[in-house]
Amino acid sequence: MSSDHKAIVAEGLGKSYWVGGHMLIDRMGMHALVDRALKAPVQVISRLVSNQKPSSHFPEIPGHMKWAIRNVSFSVDQGEVLGIVGHNGAGKSVLLKLLSRITRPTEGRARLHGRVGSMLEAGTSFHGELTGRENIQLSGAILGMPRPRITALMDEIISFSEVEEYIDTPVKRYSTGMILRLGFSVAAHLDTDIMLIDEVLAVGDQRFKRRCVDKMRSVARSGKTVLFVSHDMDVLKQISDRAILIREGSLIMEGAPGHVVAEHVRYTGKS
Amino acid sequence: MMIRGVLTAFKDRRETIYINPPSGIPKLELLEVWRNWDIILILAQRDIKVRYKQSFAGIGWAIIQPLLTMIVFTAVFAGVVNVNTHNSPYPLFSLAALVPWSYFVHAITKATGCLVVDQDLIKRVYFPRLVLPISAVIGGLVDFAIAFVLMLILLLFYDWAPNLKLLLLPFFLLFAILTALALSLWLSALNVQYRDVNNALPFFTQLMMFISPVAYPASVIPEKWQMVYALNPMATVINGFRWVLLEEQPNPGIYSLISVAVVMVALIGGLYFFRWQEDRFADVV
C-alpha cells in the first residue's frame, strides 16, 4: 500500500519557540535585523561611555529555544479515527495547530489529503456587536463553509445551540456559556473530509456537554478521518480506532486506544 | 488493478495540503485568496456593520469628514490664499481630491491594524492571511461610494455636464485601491511586530497629504520636480479624479507612468513581504 491512501502523513514534525528574554522568535528573521540595527548605535554609545570591551559581535539575547513538539511521525488512514492522549502542555494543541496550518513547523513535514476542518475554536471569530445569526454566517464562512450551505444549515445550527430566543440579539449580551454553545454548534456542522477535534470544546452544563460528545461521536462514525484530542479517557477509548500518546513534546506510544490510555493512566498515577 | 487505481485517482479530486517549514521565497498562492473571496466580503460586511452600531451619525460619518474638510479648505485656500484651480469652483476642486483621499486614508488605517485587531482569528483558524488587508481595503469602498454621492450632488449643484472622460473613473479608482493595498501589505505585516507603525500612521498620512495635490493643484509644482512628485501615486489618483470629473483640468500626464511603476513594485514586493512574514503572525502577534 502506498502512502497515497493515507489521509494524514506526518514525518518528524517539530515546532520550537523562543522562550524568555527577547520576544524574537528566531535570530534570522527581519525582526532580528531591524532590532540589531536600531539597538547598535545605543550599544556603541553606552560602550564608549562605560569604556567596556564589546562582549560579542551581536547583542546578547537571553532566553533559549524550546521544542513544543519534536520528531512526531504518524499516519492516519482515510476514515480512521486517531485519538491523541497527553497531559496539558504535552504538545497536543501545537500538533493540531500545525496540522490545521495556523502555524508552520520548524522542521519535518506533513501531508493531508482532503479538505480539513478544525473544531478547535468555539466562538473566537464572533464579534460582540453582531447578532447570533450574523455571527453564524461570519464564523461559518471563516471556518470554510460555503455560503449556501450556511444558509441551509442555519436553523439546525441555531437549534443545536439552544439560543433560539436570543439569536437576533448582539452576542455581547450573551452569557459565556451561550457564546460557547453557539460557537461549538457552528463548528459541529462543518462537513470536511478530515476533522481535527479538540474535546475541550465540549462545554457547558452536563447535558450540553453530553450532546457535544454525542455529536463528536457521530462525526467520528460518519466515515470521516478524525484526529481527536481528549482528556476523557472513556470517550476516547469508545471513539478512536487507534491512539497515540504524546509526552513532553514527543510521541512515545502508538497503538490500540485501550493500551495507550492504560499507559497514560499508569504514568499519571505514578507522577 | 492499475486501471482501478487510475480511476480512483481520477474520481478523487480532493486537494492535498502540504505542510513544511518556511524556507526560500514564499509562494503567493493568489488563487487560494481568490477562492476565499467569501471571507473577504463577509469580513468587510462585518466591519461596516460593526462600525456604525451604537453610533448616532452612523454611515453619515463617511460624508461628514470630506464635507467639513472641504468647507475649511474652501475658506482657507479660496478665501484667504486664493489657489489657482484651473477655473473650477474651489469646493468642487477640493472635493474631487478629498473623496479618493479620504478613501485612501481610511483604507490604510483600517488595514494597518487588521492583523492585530483580528489576532484571535489568526491564532485559532486557518485562512489565507492576505484576506484580512484585502478585506479592509475593499470595505472602505462603501465609504467611498457614499462620499462619491456627495460629490455628484455638488457637481449637479454647479450645473455639471458629464462627458466621456467619466468612463475612465473606474481606472483611477482601481489605481487608488491598488495604491492603498500595496501600502497596506507592508504596514499591516510590520505592525504585527512593531505597533509603532500604527502610532506613526496618523502623522504619516498627514505628511503625505501635504505632498499630494489635495488642497492645491499639482501644476504649482515646478516642471523639473514633477517626476519626483509622481513618485507619490496618490498624486496621480487625485489628478485623475479631477481630470475626469471637472472641466478644464489638465490630464495626469506622462509622469503618471512613474506612479504606476511605483505601485506595481510596491504591490508585488508587498505581496512577497506579507507572505514571508505571514508564517510568524500566529506566533508573534
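This passage describes the two chains of a predicted model and the interface between them.

Chain A has 271 residues, of which 49% count as buried. Its secondary structure consists of 8 helices and 9 strands. When contacts in chain A with a separation of 6 or more are considered, 71% of them are between residues 24 or more positions apart.

Chain B has 285 residues, and 49% of these count as buried. The secondary structure of chain B is made up of 12 helices and 1 strand. Read from the N terminus, the order of elements in chain B is α-β-α-α-α-α-α-α-α-α-α-α-α, with the strand placed after one helix and before the rest. The C-alpha trace of chain B extends over about 85 × 45 × 35 Å along its principal axes. Of the contacts in chain B between residues at least 6 apart in sequence, 81% link residues at least 24 apart.

Within chain A, strand β1 covers residues 6–19. This strand is mostly covered, with 10 of its 14 residues buried. β1(A) pairs with strand β2 of chain A, residues 64–77, in the antiparallel sense, and 10 bridges connect the two. One of the positions in this pairing is A:V19, whose bridge partner in β2(A) is A:H64. β1(A) also runs antiparallel to β4(A), to which it is joined by 5 bridges. Here A:I8 has A:L112 of β4(A) as its bridge partner.

Strand β4 of chain A, residues 107–113, is also joined to a strand of the other chain: 4 bridges link β4(A) to β1(B), and the two run antiparallel. In this pairing A:L112 stands opposite B:I17 of β1(B). A:L112 therefore has a bridge partner in its own chain, A:I8, and a residue opposite to it in chain B, B:I17.

The pairing of β4(A) with β1(B) belongs to a wider set of contacts between the chains. In total, 42 residues of chain B are in contact with 49 residues of chain A. The area buried between chain B and chain A is about 4300 Å², and carbon and sulfur atoms give 58% of this area. The chains are also linked by 4 salt bridges. One of the salt bridges is formed by the side chains of B:D279 and A:R104, with an N to O distance of 3.1 Å. Across the interface, 13 residue pairs are in polar contact, both residues being at pLDDT 80 or more.

Several elements of chain B contribute to the side that touches chain A. At least two residues each are supplied by β1 (16–19), α3 (37–51), α6 (119–124), α8 (169–193) and α12 (256–284) of chain B. The largest share comes from α3(B), which provides 9 residues. Sorted by class, this side of chain B has 21 nonpolar, 6 polar and 15 charged residues.

Helix α3 of chain B includes B:R46. The relative accessibility of B:R46 is 6%, so this residue counts as buried, the cut-off being under 20%. When neighbours within four places in sequence are left aside, B:R46 is in contact with residues of both chains. Those of chain A are A:H127, A:L130 and A:L138, while those of chain B are B:D118 and B:L121.

Two further residues give examples of buried positions in helices of chain A. A:V94 is part of helix α2, residues 92–99. Because its relative accessibility is 17%, A:V94 counts as buried. Apart from residues up to four places away in sequence, A:V94 touches A:K15, A:A68 and A:I69. The C-alpha atom of A:V94 is separated by 22 Å from that of A:K237, a residue 143 positions away along the chain.

A:S161 is located in helix α4 of chain A, residues 147–161. This residue has a relative accessibility of 0% and therefore counts as buried. Not counting residues up to four places away in sequence, the contacts of A:S161 are with A:R181, A:L182 and A:S185.

Technical notes: Residues are numbered from 1 along each chain as its sequence is written. Chains are lettered from A and ligands numbered from 1 in the order in which they are written. This is a predicted model: local features need pLDDT of at least 70, side-chain atom pairs count only at pLDDT 80 or more; totals for chains, interfaces and linings use all residues. Side-chain values use heavy atoms; hydrogens and water are left out. Contact means heavy atoms within 4.5 Å. Buried area is the accessible area (1.4 Å probe) that two parts lose on being put together, summed over both. A polar contact is a pair of N or O atoms within 3.5 Å; within protein, one must be able to donate a hydrogen and the other to accept it, and residues adjacent in sequence count only if both atoms are side-chain atoms. Ala, Val, Leu, Ile, Met, Phe, Trp, Tyr, Cys and Pro count as nonpolar, Asp, Glu, Lys and Arg as charged, and the others, Gly among them, as polar. Buried means under 20% relative accessible area, exposed over 50%, partly exposed in between (1.4 Å probe, protein chains only).
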